[in-house]
Amino acid sequence: MDCGVITSKSVLLLISLIFWAAGGALVYVGSYVIQSYSSFNDFLEDKYTLIPAIIIIVAGAVMFIIGLVGCCATVRESKVGLSFFLLVILVIFAAEVAALVFGFIYQNRIGGDLERSMSVVFRQYDGQNPASKTVDVLQTQLQCCGVNNYSNWTATPWFTNHNNTVPLSCCKNNTSECTGRLDQPQLLNVQGCEPALELLLQGVLSYALLVILGFAIIKFFGMLSVCVITCKTSSRRTGYQQIYA
């Protein structure tokens, strides 16, 4: 067996292992979601909330089967199995390329979309509704205040209805004397949440794009490997042998 076939088989076996690992991870996540829902079964009247978890488990099982088919087809050099595996890899490769394109496009639009949506949510802040909880968690975790900076709160109903103060989630950590008054900027996180969140999302998206790019490169070499094995297998079955000088 020549070096090209050995290398091609190694690449395809690696891809099969990736399918197995991804399938196992999806099954675990789906099972964990179902177990979590069952712990709060008394609070959940709509059983259709379990559908996403079931879909995840089915997808994981399908990926595991595809990995098994790819492994067997590679070892046995089955033309039908390799053709099926090539089709699956091609579909996933196309999806990853599309994800890369849309990811790069969306990466340049994060800032504008964030500022508009965050401005609406911050204006709805009253300290009790779900939007308020989201804002408090955001300001506490990112140690920020307001959309662009802490002075943005002056244009919100909360500021005028609460003695010209900002929410206590704007206070710096371990600052018990903070009352949210703007004349105490040393006790407040003065930087805005939009730049901090945009930086966080840009980092996450960049990391995701790098991972997708890595998998796309592996899939590309996987397709080449299928072609190499198929061509070598076809040449052996036709009875032709290479003549060495």
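In which helix is Ser-132 found? Ser-132 is found in helix H5, where helices (H or I, at least four residues) and strands (E, at least two) are DSSP runs numbered from the N terminus. The structure described here is a predicted model, in which local features need pLDDT of at least 70 and side-chain atom pairs count only at pLDDT 80 or more, whereas totals for chains, interfaces and linings use all residues. Residues are numbered from 1 along each chain as its sequence is written, and side-chain values use heavy atoms, with hydrogens and water left out.

The chain contains seven helices and zero strands, so that its elements, read from the N terminus, follow the order α-α-α-α-α-α-α. Of the 245 residues in the chain, 31% are buried, a class defined by a relative accessible area under 20%, with exposed meaning over 50% and partly exposed lying in between (1.4 Å probe, protein chains only). The chain exposes about 15200 Å², of which carbon and sulfur atoms supply 67%; such accessible areas come from the Shrake-Rupley method with a 1.4 Å probe, and for residues only the protein chains shown count as cover. When contacts (heavy atoms within 4.5 Å) are considered between residues at least 6 apart in sequence, 69% of them join residues at least 24 apart.

Within helix H5, Ser-132 is buried, with a relative accessible area of 0%. When residues up to four places away in sequence are not counted, Ser-132 touches Gln-124, Tyr-125, Asp-126 and Gly-127.

Tyr-125 also takes part in the aromatic pairing of the model, of which the structure holds three pairs. Rings of Phe, Tyr and Trp (its six-membered ring) are taken to pair if their centres lie within 6.5 Å, and planes under 30 degrees apart count as stacked, those over 60 as edge-to-face and the rest as tilted. Phe-122 and Trp-153 form a tilted pair, with 5.3 Å from centre to centre and 45° between the planes. Because Phe-122 lies in helix H4 and Trp-153 in the loop between H5 and helix H6 (157–161), this pair ties together parts that are 31 residues apart in sequence. Tyr-125 and Trp-153 form an edge-to-face pair, with 5.2 Å from centre to centre and 75° between the planes. Here Tyr-125 lies in the loop between H4 and H5 and Trp-153 in the loop between H5 and H6, so the pair ties together parts that are 28 residues apart in sequence. Both Phe-122 and Trp-153 are buried, the relative accessible area of Trp-153 being 1%, and Tyr-125, at 7% relative accessibility, counts as buried. Ring pairs link Phe-122, Tyr-125, Trp-153 and Trp-158 into a cluster.

Phe-122 is also one of the residues that line the second largest pocket, which holds about 170 Å³ of space. On a 1 Å grid over the protein atoms alone, a pocket is an open set of points with protein on both sides within 12 Å along at least five of seven lines, whereas a cavity is a set of points where a 1.4 Å probe fits but cannot get out; lining residues have an atom within 4 Å of a point. Grid points are joined across faces, edges and corners, and a volume is the space filled by probe spheres set on the points. The lining includes Leu-114, Met-118 and Val-121, as well as Thr-134, Leu-138 and Leu-197. Helix H4 (110–123) and helix H5 (130–142) are the elements that give two or more residues to this lining, and H5 gives the most, with six residues. The lining residues divide into nine nonpolar, three polar and no charged, where Ala, Val, Leu, Ile, Met, Phe, Trp, Tyr, Cys and Pro count as nonpolar, Asp, Glu, Lys and Arg as charged, and the others, Gly among them, as polar.

Met-118, a residue of this lining, has its C-alpha atom 7.4 Å from that of Glu-194, although the two residues are 76 apart along the chain. Glu-194 lies in helix H7 (residues 193–237) and is buried, with a relative accessible area of 7%.

Two loop residues other than glycine have positive phi values. Phi of Gln-143 is near 50°, and this residue is placed in the loop between H5 and H6, where Gln-143 is partly exposed at a relative accessible area of 37%. Phi of Asn-163 is near 55°; Asn-163 lies in the loop between H6 and H7 and is exposed, with a relative accessible area of 71%.
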